[in-house]
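Dear colleague,

I am passing on to you the structure we spoke of, with the sequence alongside. Please look through it first and then read the notes underneath.

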Amino acid sequence: MPTARERARVQTTEAILAAARAQLAEVGAAALSLRAVAREVGMVSSAVYRYFPSRDELLTALIVEAYDAVGEAAERAQADVAGASPRERWLAVWRGVRAWAQARPAQYALIYGSPVPGYAAPLDTLPAAGRVAMVLIGIAREADGDVDPGDGVAASVGADLVPGLDPRLAPAAVTAWTLLFGTVGFELFGQYENVVIDRATYFDHVAGTAASTVGIR
């Protein structure tokens with residue numbers, strides 16, 4: 001069983017992260033301040049540094065948290081339609097990601113919006129960042145259609161993008177990944193105003209186009 005000290009540390013860490021998420025929504029990632037977070041949780045800034053030694057470490061924790069959350073949303077969306085066709089599961093995952101982003105726009109902006117000036121995400125963010133992609137690639141591996149990227153295109157994407165992935169599928173997988181997060185971002189950040197009227201229907205259309213791109217009929 002965790003000790004009282006360990007439980008207190010977990011609770012304080014969560015309080016700091018909750019305050020930081022609120023700051024993201026209010027001022028954006030670039031303006032995130034440990035001092036402001038400390039004020040919000042009723043701590044002196046030096047105490048917060050015992051949990052997160054720098055703003056960048058707090059940002060990293062928020063980024064991993066957001067990637068894990070959208071990854072969980074994608075995994076849950078697929079689990080909810082287990083046994084359905086690959087195309088139906090593909091669409092469910094896309095819808096799950098869109099719903100998560102609409103409920104948490106500030107977290108979505110943190111991981112798929114503009115880079116934070118002066119911040120470089122460490123490599124340990126990569127496993128969480130790849131969770132949505134791994135769900136979609138798992139579905140794409142069941143594709144029953146042909147994928148022919150054309151001469152030279154397959155070589156434009158890293159051959160070791162995903163171990164065991166057919167190199168011919170890699171460009172289509174990257175295209176689908178770009179379509180998913182690009183379409184969600186365009187809707188979330190107002191790029192479709194006065195352009196796309198029925199956004200849910202349009203989103204499903206893009207998802208279907210992406211499915212066909214990776215050979216899912």
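What follows is an account of some helix contacts, one buried residue and several salt bridges.

Please keep in mind throughout that this is a predicted model.

I begin with the pairing of helix α6 (residues 105-112) and helix α9 (residues 170-188), whose axes come within 11 Å and cross at roughly 130°. An angle of that size makes α6 oblique to α9, and the crossing of the two is left-handed. On the α6 side the contact involves Pro 105, Tyr 108 and Tyr 112, which meet Phe 181, Val 184, Gly 185 and Leu 188 of α9. Sorted by class, this contact comprises 6 nonpolar residues and 1 polar residue, with no charged residues.

Helix α9 also appears in the surroundings of helix α8 (residues 131-140), since what covers the buried residues of α8 includes α9 together with α4 (55-80) and α5 (86-103). The buried residues in α8 are Val 132, Val 135, Leu 136, Ile 137, Ile 139 and Ala 140.

Returning to α6, this helix also contains Gln 107, which has a relative accessible area of 12% and therefore counts as buried, the cut-off being under 20%. When neighbours within four places in sequence are set aside, Gln 107 is in contact with Arg 21, Glu 65, Ala 66 and Trp 100.

Turning to charged pairs, the structure holds 9 salt bridges, and I describe some of them here. In one, Asp 204 and Arg 95 meet through their side chains, with an N to O distance of 2.5 Å; this pair links distant parts of the chain, as Asp 204 lies in helix α10 (residues 199-213) and Arg 95 in helix α5, 109 residues apart. Both partners are partly exposed, Asp 204 at 24% relative accessibility and Arg 95 at 42%. Elsewhere, salt bridges with shared partners join Glu 14, Arg 21 and Glu 65 into one network. Within that network, the salt bridge between Arg 21 and Glu 14 has its closest N and O atoms 2.8 Å apart, and here Arg 21 is partly exposed at 23% relative accessibility, as is Glu 14 with a relative accessible area of 37%. Two members of the network, Arg 21 and Glu 65, are also among the contacts of the buried Gln 107. A further salt bridge joins the side chains of Asp 56 and Arg 55 at 3.0 Å, N to O, where Asp 56 is partly exposed at 28% relative accessibility.

With best wishes

Methods: Residues are numbered from 1 along each chain as its sequence is written. This is a predicted model: local features need pLDDT of at least 70, side-chain atom pairs count only at pLDDT 80 or more; totals for chains, interfaces and linings use all residues. Side-chain values use heavy atoms; hydrogens and water are left out. Axes are lines fitted to C-alpha atoms, for helices over the stretch in contact, and angles run from 0 to 180 degrees between N-to-C directions. Helices (H or I, at least four residues) and strands (E, at least two) are DSSP runs, numbered from the N terminus. Angles under 35 degrees count as roughly parallel, over 145 as roughly antiparallel, 65 to 115 as roughly perpendicular and the rest as oblique. A crossing is left-handed if the near helix is turned anticlockwise from the far one by less than a right angle, and right-handed if clockwise. Contact means heavy atoms within 4.5 Å. Ala, Val, Leu, Ile, Met, Phe, Trp, Tyr, Cys and Pro count as nonpolar, Asp, Glu, Lys and Arg as charged, and the others, Gly among them, as polar. Buried means under 20% relative accessible area, exposed over 50%, partly exposed in between (1.4 Å probe, protein chains only). A salt bridge is a side-chain nitrogen of Lys or Arg within 4 Å of a carboxyl oxygen of Asp or Glu.
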